[in-house]
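Please open the structure in your viewer and keep the selection panel at hand. The tour goes from one pair of helices to a DNA strand and then to a second pair of helices.

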Protein chains: 2
Amino acid sequence: MMTLPEPDAILDRRCKTCPVRHSAICSVLDERHSHALSDLMVHKHYKHGETLWGDEDDAHAVAIVVSGTVKLFKILSDGRQQIVGLLFPSDCSGQAFSQTQHNFAEAATDVEICSFPRQKFEHVLRQHPELEHALLEKTLNDLDRARDWMVRLGRKTAGEKVASFLSEMARKSELTKCPHDRLTPKLPTFVLPLTRGEIGECLGLTVETVSRTLTKLRVDGAIRLIDTHTIEVCDPDALARLGGPE
Amino acid sequence: MMTLPEPDAILDRRCKTCPVRHSAICSVLDERHSHALSDLMVHKHYKHGETLWGDEDDAHAVAIVVSGTVKLFKILSDGRQQIVGLLFPSDCSGQAFSQTQHNFAEAATDVEICSFPRQKFEHVLRQHPELEHALLEKTLNDLDRARDWMVRLGRKTAGEKVASFLSEMARKSELTKCPHDRLTPKLPTFVLPLTRGEIGECLGLTVETVSRTLTKLRVDGAIRLIDTHTIEVCDPDALARLGGPE
DNA sequence: CGTATCGTTGATACCTGTCAATCTTGGTGG
DNA sequence: CCACCAAGATTGACAGGTATCAACGATACG
């Protein structure tokens with residue numbers, strides 16, 4: 001007696017080729033239970049500049065970034081914006097339980113995400129405490145990162161803000177490179193998929209100040225601009241020093 | 001045959017008279033399971049100015065504030081400090097799993113806390129998913145609050161920072177007042193147990209700027225200073241307006 | 001009552017925001 | 001293919017907000 005291939009198997013296959021399957025939150029479920037998530041997975045594509053969700057949307061519970069960069073930001077009613085987080089591949093927004101978001105998410109590049117409807121996801125959470133545990137660890141880490149960011153916003157000069165931001169982005173970029181690239185001994189080069197204005201929105205600065213500061217870093221020899229968004233860190237130590245005390 | 005009163009019962013009695021028992025995280029465990037936490041509870045007292053934990057301490061997993069105010073802050077190696085959170089009664093630090101803290105905690109007033117050793121607490125978490133769930137919700141909320149704070153740090157002027165901070169403190173203070181006080185129609189008055197310097201460390205400002213801004217708010221009639229740390233909000237609407245757009 | 005800490009106020013400097021002009025880049029359509 | 005256009009980036013001039021430095025006053029505490 002033959003059975004048709006189950007839908008689960010089809011979905012699982014998508015997960016098996018997922019580039020972030022080993023590092024994203026869903027990896028905490030073992031082979032036998034991963035279908036619990038993959039069953040309700042929704043793949044989505046967004047073009048550069050598109051909104052993933054808005055301030056009051058009842059967005060999906062969790063969105064895992066598969067490719068691209070997402071910016072999370074808050075807006076004051078007079079238009080001032082503050083970017084409060086950046087999501088890179090394998091990062092996820094953790095907004096379970098909150099019903100409405102209290103931030104906006106926009107695609108900084110073309111973006112591919114894998115998201116989960118709120119109610120179904122929360123149901124899976126109840127059945128898999130290890131998933132909720134992983135989400136808690138991740139959120140605690142996000143909180144600590146947000147607080148580090150607060151130090152940068154509140155206590156650093158424009159020069160220190162930009163330099164420490166670039167150092168962090170360079171480091172993060174190194175971590176996500178494939179082993180081959182990492183072994184090749186060369187100066188760290190990375191793509192920062194943000195406009196000068198967006199960098200300013202990250203750091204509480206204006207476009208002009210960001211531009212001037214980058215110019216200064218370039219003239220001082222700490223960085224080199226391959227193109228507007230591609231940065232080579234010529235002197236990592238100098239950049240770290242200019243980023244201010246740890 | 002008589003039995004001695006069990007230790008649990010003694011500990012439980014302490015919880016039954018705890019002023020924050022209905023609002024703190026431990027309230028999610030029902031009567032039958034609350035002993036799981038109360039068994040390993042450690043009560044501690046700190047005097048104003050004492051350190052609860054330092055940057056690299058293996059602090060307790062969770063500390064619930066019973067009375068007083070705790071400030072959480074980060075320090076740059078050259079001494080610059082940024083306060084990244086304030087804990088009031090029933091609030092708790094959520095640092096499970098992280099082994100070492102990445103911030104300092106200091107008593108802003110005399111403080112009474114109820115804390116739980118890391119390993120034992122994590123054991124209880126594994127046995128009580130509803131507790132871990134509550135901790136996750138709390139941490140997600142903390143994250144959102146931290147991000148709101150980032151907007152204030154990055155995108156508001158000194159005047160807006162101070163005014164919006166006072167509005168928030170006044171509102172929080174109203175919420176924790178007993179019903180009788182809340183019904184009494186009078187202007188909101190609250191105690192802000194922070195020095196001018198500490199307010200500055202919250203908002204990314206210097207002592208002098210905080211002092212000047214408070215003077216301006218006072219001269220403009222938005223607030224009145226009963227004493228250095230006791231603030232009466234004479235004109236809540238004006239204060240909210242000066243706090244900038246929402 | 002002396003001392004230390006905190007708070008206020010003033011004078012000044014400088015960092016960063018604002019306004020404006022120009023340059024570069026990328027995309028679009030003739 | 002080139003001209004054109006829009007958006008982003010850079011640079012300059014200038015002003016204003018906040019930090020810095022300094023002096024003094026207020027308060028708490030031993």
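Two helices count as roughly perpendicular when the angle between their axes is 65 to 115 degrees. Keep this in mind as you explore what is a predicted model.

Begin by selecting residues 196-203 of chain A, which form helix α7, together with residues 207-219 of chain A, which form helix α8. Their axes come within 8 Å and cross at roughly 100 degrees, and α7(A) and α8(A) are therefore roughly perpendicular to each other. To see where they touch, show Arg196(A), Gly197(A), Ile199(A) and Gly200(A) in α7(A), which meet Val207(A), Thr209(A), Val210(A) and Ser211(A) in α8(A). The residues of this contact divide into three nonpolar, four polar and one charged.

Next, select DNA strand C, which is surrounded by 18 residues, the closest being Thr157(A), Thr209(A), Thr195(B), Ser211(B) and Thr215(B). Colour α5 (158-176) and α8 of chain A, and then α7 (196-203) and α8 (207-219) of chain B, since these elements each give two or more residues to the surface near the strand. Which element gives the most to the surface near DNA strand C? It is α8(B), with six residues. By class, this surface has four nonpolar, nine polar and five charged residues.

Finally, stay in chain B and select α7(B) and α8(B), which pack at an angle of about 100 degrees with their axes 8 Å apart; that makes α7(B) roughly perpendicular to α8(B). Here Arg196(B), Gly197(B), Ile199(B) and Gly200(B) meet Val207(B), Thr209(B), Val210(B) and Ser211(B).

Notes:
Residues numbered from 1 in each chain as written. Chains lettered and ligands numbered in written order. Predicted model: local features only at pLDDT ≥ 70, side-chain atom pairs only at ≥ 80, totals over all residues. Axes fitted to C-alpha atoms, helices over the stretch in contact; angles between N-to-C directions. Helix = DSSP H or I, 4+ residues; strand = E, 2+ residues; numbered from the N terminus. Parallel < 35°, antiparallel > 145°, perpendicular 65-115°, else oblique. Contact = placed C-beta atoms within 7 Å. Nonpolar A, V, L, I, M, F, W, Y, C, P; charged D, E, K, R; others polar. Near = placed C-beta within 6 Å.
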